[in-house]
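Visitor: I am new to this structure and would be grateful for a close look at a single part of it. Would you kindly take me through the sheet, and then through one residue outside it?

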Amino acid sequence: MTTEKKLFSEIQKFNQWWLWVILIGFCAYFLWGAYKQLFQGIAFGNNPMSNEGLLITSFIFAAILLFFLNVKLETYIQSNGVYVRFFPFHFSFKYYSFEEMNKVYVRKYAPLWEYGGWGLRYGMFGRGKAYNV
């Protein structure tokens, strides 16, 4: 990214309450189960998983939670163009010069309908590419 003055900057993160309820809920559920089974010797459920399976499942949910905590979409508009980084998918900024853009405008859109969801998406029905959180 150049050292030019930023005309606009924005950092977006996943902050939907329902997403965090689901992620934290699953993570806490399996961590609690692992604690009960491994440290208290109480089987977790009627048909308990092996200790190794429970540890692996707990680790996977903790990793997913940490992943979502670190995902962020950074957008900077400078006089020479737009810089975008969707961390951790992009470690450096992607640069889009104004000369290579046909149109630049602000609009409301439906991420689920137009792009099939959130994240790094390719549009349905030839609508291009989207970075959205």
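Guide: The following account treats the sheet, then its last hairpin, and then one serine in a helix. Please note that the model is predicted.

The sheet is an open one, built from 4 strands in the order E1-E2-E3-E4, and the pairing is antiparallel. Its edge strands are E1, covering residues 6-12, and E4, each of which pairs on one side only. From one strand to the next, the twist averages 15°.

Let us turn to the end of the sheet formed by E3 and E4. Strand E3 spans residues 81-87 and strand E4 spans residues 94-97; the two pair in the antiparallel sense over 4 bridges. Together E3 and E4 make a hairpin, with 6 residues lying between them. Two pairs of residues show how these strands are aligned. Gly-81 has Ser-97 of E4 opposite it, while Val-84 faces Lys-94 of E4. As a general matter, side chains in a regular strand alternate between the two faces of the sheet.

The residue outside the sheet is Ser-58, which is located in helix H2, residues 51-70. Is Ser-58 buried or exposed? Ser-58 has a relative accessible area of 4%; buried means under 20%, and Ser-58 is therefore counted as buried. Its contacts, apart from neighbours within four places in sequence, are with Phe-30, Leu-31 and Ala-34. With Phe-30 there is also a specific atomic approach: the side chain of Ser-58 reaches the backbone oxygen of Phe-30 at 3.1 Å.

Conventions:
Residues are numbered from 1 along each chain as its sequence is written. This is a predicted model: local features need pLDDT of at least 70, side-chain atom pairs count only at pLDDT 80 or more; totals for chains, interfaces and linings use all residues. Side-chain values use heavy atoms; hydrogens and water are left out. Two strands pair if DSSP finds at least two bridges between them. Buried means under 20% relative accessible area, exposed over 50%, partly exposed in between (1.4 Å probe, protein chains only). A polar contact is a pair of N or O atoms within 3.5 Å; within protein, one must be able to donate a hydrogen and the other to accept it, and residues adjacent in sequence count only if both atoms are side-chain atoms. Contact means heavy atoms within 4.5 Å. Axes are lines fitted to C-alpha atoms, for helices over the stretch in contact, and angles run from 0 to 180 degrees between N-to-C directions.
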